[in-house]
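Reader: I should be grateful for a close look at one part of this structure, namely the pairing of charged side chains. Please set that part in the context of the chain around it.

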Amino acid sequence: MSNLTIVPVTVDNWREAVFEEAKQKGNSLAKIAQKIGYARVSLSLAINDKYVGKTDKIRDAYIAYRKQVLCPYVGETVSRSYCIEHTNGDAPRSEERR
């Protein structure tokens, strides 16, 4: 995701964001769908307005995925709010050696 335009993904622009991400080198709809927990076909149908059901859950899963960051404080990809909580929390303390 490092080459993606940094624009907040919203309910209004999520489809365009998926298309943009899929164009990036090393990305594909299949990889994006896997990251959000859906089949490639479902994601493809949803972003092309051909999905039979509601796309709310797919949309919300993609938006949540795009809000994740690599947090240096926990060493994992987590939600931005979780990383900020750890950033602003108490510094870790090591046990005293005897």
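**Charged pairs and their setting**

Author: Asp60 and Arg59 join their side chains in a salt bridge, with 3.0 Å from N to O; the term denotes a side-chain nitrogen of Lys or Arg within 4 Å of a carboxyl oxygen of Asp or Glu. The model is predicted: local features need pLDDT of at least 70, side-chain atom pairs count only at pLDDT 80 or more, and totals for chains, interfaces and linings use all residues. Residues are numbered from 1 along each chain as its sequence is written, and side-chain values use heavy atoms, with hydrogens and water left out.

Arg59 also forms a salt bridge with Asp56, at 4.0 Å from N to O. Asp56, Arg59 and Asp60 are thus linked in a network of salt bridges. Arg59 and Asp56 both belong to helix α4, 3 residues apart, about one turn of the helix. Helices (H or I, at least four residues) and strands (E, at least two) are DSSP runs, numbered from the N terminus.

How buried or exposed are the members of this network? Arg59 counts as buried at 18% relative accessibility, whereas Asp56 is partly exposed at 35% and Asp60 is partly exposed at 40%. Here buried means under 20% relative accessible area, exposed over 50% and partly exposed in between, with a 1.4 Å probe and protein chains only.

A search of the whole structure finds 4 salt bridges. Another of them pairs Glu21 with Arg66, whose closest N and O atoms are 3.9 Å apart. Glu21 lies in helix α1 (residues 14-23) and Arg66 in helix α4 (residues 56-66), so this pair ties together parts that are 45 residues apart in sequence. Glu21 is buried, at 0% relative accessibility, and Arg66 is buried as well, at 12%. In general, side chains of opposite charge can pair when their charged atoms come close.

Helix α4 also takes part in the largest nonpolar core, to which it gives the largest share, 5 residues. This core has 15 residues in total, and those with the most contacts inside it include Trp14, Val18, Ile58 and Tyr62. A nonpolar core is a set of buried Ala, Val, Leu, Ile, Met, Phe, Trp, Tyr and Cys residues joined through side-chain atoms within 4.5 Å. Two or more residues come from each of α1, α2 (29-36), α3 (40-47) and α4. Leaving aside residues up to four places away in sequence, Ile58 touches Trp14, Ile36, Tyr38, Ser42, Leu43, Ala46 and Tyr51; a contact requires heavy atoms within 4.5 Å.

The chain as a whole has 5 helices and 2 strands, arranged α-α-α-α-β-β-α from the N terminus on. Of its 98 residues, 28% are buried.

A covalent link completes the picture. The structure holds 1 disulfide, formed by Cys71 and Cys83 with sulfur atoms 2.1 Å apart; the criterion is a pair of cysteine sulfur atoms within 2.5 Å. This disulfide joins distant parts of the chain, with Cys71 in strand β1 (residues 68-71) and Cys83 in helix α5 (residues 80-88), 12 residues apart. The link is right-handed, with 80° about the S-S bond, and both Cys71 and Cys83 are buried.
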